[in-house]
Amino acid sequence: MQPSESSRFLDEALRGLDDVESFVAAGYAAALEGSAYRSCFGNWDRRASVRVKPARTLAPSDAGQLYFPPELVPVTSHPLVRAAEEGTVEHVLVQRLHHYLHFTTELEQFAVIPVTTDISAGRAGLRLPQGMILDAYRITTDEAWHAQFSYELAEQVALRTGIPAALPLRPLFLDRLDEVGRGLDGDLRGLERLLFSVVSETLISSVLADLPRDKRLPAAVRELIRDHAEDEGKHHAYFRVLLHHFWNALDARTRRRIGPQIPELICCFLEPDYRAMSLLLLDCGLSPADAQCVLADSYPRRTVRAEIAGSAQSTVRYFREVGALDDTATYEAFAAAGLVG
């Protein structure tokens, strides 16, 4: 290496130390090492699905079963879908399972794992109890397994049903998350990723709660979602604690600037992926005009907002607990999204 190059790298390193000092002074790395932390992962080696659960495989007897509850897919009750050729509703339900499995894979790989990897590597700008660092490694392992087993089951579903997935290149939530990031001031960019992980890991999913008990579905589908739900119970508890560490580490000005973005993060996780649903309907043979009509009728704005608010109750409560809603602008943003009364 030439001396001039050495000098350049040294200068960059010294500037980096200045950046770290500013970062800490801004309050992002509050000294929380001494905080009490009770891990939910003490039995992880004996309970985590990646450690002890078998691969879930569709059985020959599963042929002809429902692949997703029609009650959770409003388009299946629309007259235009009901009037379509025989088998259309069943086709829609297979595609809806494809969408759910793909959403899970993309969520874990591109939203949650990057955050837990940064936490475990000490790159999240937080000083956390050592137990939380170790548990971030465990969550990363869990989420990689959730992505893999979702992909593997989707491949089985396509082979068993003869219906390959009709999917957009990216789930809509990733585009919306990127849009939130672009709208932030430069010094805030990246915070939306951690907050989105808190949101996605603490929301109560009706799919995780209801599908494992629905015996109309193939056993492999029910068992896989049950495996996922059992792991996510621990993740939920972890991210609730993480939110306290994160929010307490922010200075008051940063809280006021990032707080009003939280409702959009909640909505972009919970709102239906209309782009994916339109592809699903087109794949079933509906015309673009009919698909547009079905979507508009099946997802009235008031109903969607009410369902988002119901699903987000626990997460909203956690943001209330840390004082996020004490800020007027943040509270007004939650109210405008219908998340608080």
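Q: Which helices each supply at least two residues of the lining of the largest pocket?
A: They are α5, α7 (172-182), α8 (191-202), α9 (206-210), α10 (219-249), α12 (262-270), α13 (274-283) and α15 (301-311). A helix here is a DSSP run of H or I with at least four residues, numbered from the N terminus. The biggest share of the lining comes from α5, with 8 residues.

A quick word on the model: it is predicted, so local features need pLDDT of at least 70 and side-chain atom pairs pLDDT 80 or more, while totals for chains, interfaces and linings use all residues. Residues are numbered from 1 along each chain as its sequence is written, and side-chain values use heavy atoms, without hydrogens or water.

Q: What makes a residue part of the lining of the largest pocket?
A: It has an atom within 4 Å of a pocket point; a pocket is an open set of points on a 1 Å grid over the protein atoms alone, where a 1.4 Å probe fits, with protein on both sides within 12 Å along at least five of seven lines. In this model 48 residues line the largest pocket, and nearest its centre are Arg96, Ser205, Ser206, Val207 and Leu270.

Q: Why is the pairing of arginine 176 and glutamate 264 called a salt bridge?
A: The term asks for a side-chain nitrogen of Lys or Arg within 4 Å of a carboxyl oxygen of Asp or Glu. For arginine 176 and glutamate 264 the N to O distance is 3.0 Å, so the pair qualifies. It links distant parts of the chain, with arginine 176 in helix α7 and glutamate 264 in helix α12, 88 residues apart.

Q: Is arginine 176 buried or exposed, and how do you know?
A: Buried means under 20% relative accessible area and exposed over 50%, with partly exposed in between (1.4 Å probe, protein chains only). Arginine 176 has 16%, so it is buried. Glutamate 264, at 30%, therefore counts as partly exposed.

Q: Why are arginine 138 and aspartate 135 separated by about one helical turn?
A: Because they are 3 residues apart in helix α6 (residues 130-161). Their side chains meet in a salt bridge at 2.7 Å, N to O, and both residues are buried.

Q: What makes aspartate 210 partly exposed and arginine 213 exposed?
A: Aspartate 210 has 36% relative accessibility, so it counts as partly exposed. Arginine 213 has 61%, so it is exposed. Their side chains also form a salt bridge, at 3.5 Å, N to O.
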